Amino acid sequence: MENKKIKSFERGKSRALHILAKTSKTENELRQKLIKNEYSEQVIDKIIMFLKEYGYINDFEYASNYVECRKNHKSFMQMRMALRLKGVGTSIIEEVLENKKEDQSELIKSIAEKKIKNIDKVDRNTMNKVYKFIYSKGFKSNEIITVLKELEGNIK
């Protein structure tokens with residue numbers, strides 16, 4: 001195990017830039033890829049510092065772009081969990097979500113309409129199923145209820 005070749009900073013920097021050329025990554029994602037390629041912790045730390053210094057990796061920007069691209073398709077809860085899995089810090093996630101805080105009722109409405117569209121009879125039981133489905137996606141209960149009441153009024 002000790003015989004593992006210690007890879008140099010220049011080679012690691014080149015590898016990291018190659019990875020980032022394809023798609024942006026969080027600091028944690030890039031760190032994991034470099035660990036997988038058997039770079040030492042000291043070399044990885046140097047590479048990460050270099051990339052941060054020149055703006056190649058920035059978790060705040062990554063999180064902002066992630067939320068901006070997905071805000072019309074995912075709940076804030078889903079985005080929060082995905083960013084945590086990517087290794088973005090909780091404080092960064094909360095700051096980004098606070099800055100992008102918008103009413104998600106239009107997204108909830110479009111999801112509910114898709115669910116209701118193919119149903120002949122819309123009753124209380126159907127609306128409960130739609131509520132549970134949307135709630136499972138991480139939307140807030142009060143927002144879902146408001147939208148479903150509005151939709152129920154339009155259907156009747």
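Trainee: What percentage of the 156 residues in the chain is buried?

Mentor: Keep in mind that this is a predicted model. A residue goes into the buried group when its relative accessible area is under 20%. Over the 156 residues of the chain, the buried share comes to 35%.

Trainee: Okay, and how many helices and strands does the chain have?

Mentor: Reading along the sequence, you get the pattern α-α-α-α-α-α-α-α-α. That fits the count for the chain, which is 0 strands and 9 helices.

Trainee: What radius of gyration does the chain have, set against a compact globule of 156 residues?

Mentor: Look at the C-alpha trace to begin with: along its principal axes it spans about 70 × 35 × 25 Å. For a compact globule of 156 residues you'd expect a radius of gyration near 15 Å, but the chain has 22 Å.

Trainee: Which pair of residues shows that spread, and how far apart in space are Tyr-56 and Asn-125, C-alpha to C-alpha?

Mentor: Take Tyr-56, which sits in the loop between α3 and α4. Along the sequence, Tyr-56 and Asn-125 are 69 residues apart. In space, C-alpha to C-alpha, their separation is 51 Å.

Trainee: Is Tyr-56 buried or partly exposed?

Mentor: Leaving out residues up to four places away in sequence, Tyr-56 touches Leu-17, Leu-20 and Leu-51. Its relative accessibility is 47%, and the partly exposed class lies between 20% and 50%. So Tyr-56 counts as partly exposed.

Trainee: Let's go to α2. Which helices are among those covering its buried residues?

Mentor: Helix α2 runs over residues 27–36, and its buried residues are Glu-27, Glu-29, Leu-30, Arg-31 and Leu-34. The cover over these buried residues includes α1 (9–22), α3 (41–53) and α4 (59–70).

Trainee: What follows α2, and what is its phi?

Mentor: The loop between α2 and α3 holds Glu-38, and this residue comes after α2. At 42% relative accessibility, Glu-38 counts as partly exposed. Glu-38 is not a glycine, and yet its phi is positive, at about 65°.

Trainee: At what angle do α4 and α5 pack?

Mentor: Helix α5 covers residues 76–85, and its axis lies 11 Å from that of α4. The crossing of the two is right-handed. As for the angle between α4 and α5, it's about 145°.

Trainee: How many nonpolar, polar and charged residues does the contact of α4 with α5 have?

Mentor: On the α4 side, the contact is made by Tyr-62, Ala-63, Tyr-66, Val-67 and Arg-70. On the α5 side, Met-79, Ala-82 and Leu-83 take part. Sorted by class, the contact has 7 nonpolar, no polar and 1 charged residues.

Trainee: Why does Arg-80 count as buried?

Mentor: Arg-80 is in helix α5. Setting aside neighbours within four places in sequence, Arg-80 is in contact with Ile-93, Glu-94 and Leu-97. The cut-off for buried is under 20%, so Arg-80 counts as buried because its relative accessibility is 18%.

Trainee: One on the surface: what share of the exposed area do carbon and sulfur atoms supply?

Mentor: The chain exposes about 10500 Å². Of that area, carbon and sulfur atoms supply 49%.

Trainee: And among contacts between residues at least 6 apart in sequence, what percentage joins residues at least 24 apart?

Mentor: You begin with the contacts in the chain whose residues are at least 6 apart in sequence. Within that set, the share joining residues at least 24 apart is 62%.

Technical notes
Residues are numbered from 1 along each chain as its sequence is written. This is a predicted model: local features need pLDDT of at least 70, side-chain atom pairs count only at pLDDT 80 or more; totals for chains, interfaces and linings use all residues. Side-chain values use heavy atoms; hydrogens and water are left out. Buried means under 20% relative accessible area, exposed over 50%, partly exposed in between (1.4 Å probe, protein chains only). Helices (H or I, at least four residues) and strands (E, at least two) are DSSP runs, numbered from the N terminus. Contact means heavy atoms within 4.5 Å. Axes are lines fitted to C-alpha atoms, for helices over the stretch in contact, and angles run from 0 to 180 degrees between N-to-C directions. A crossing is left-handed if the near helix is turned anticlockwise from the far one by less than a right angle, and right-handed if clockwise. Ala, Val, Leu, Ile, Met, Phe, Trp, Tyr, Cys and Pro count as nonpolar, Asp, Glu, Lys and Arg as charged, and the others, Gly among them, as polar. The radius of gyration is taken over C-alpha atoms; the globule rule is 2.2 Å times the number of residues to the power 0.38. Accessible areas come from the Shrake-Rupley method with a 1.4 Å probe; for residues, only the protein chains shown count as cover.
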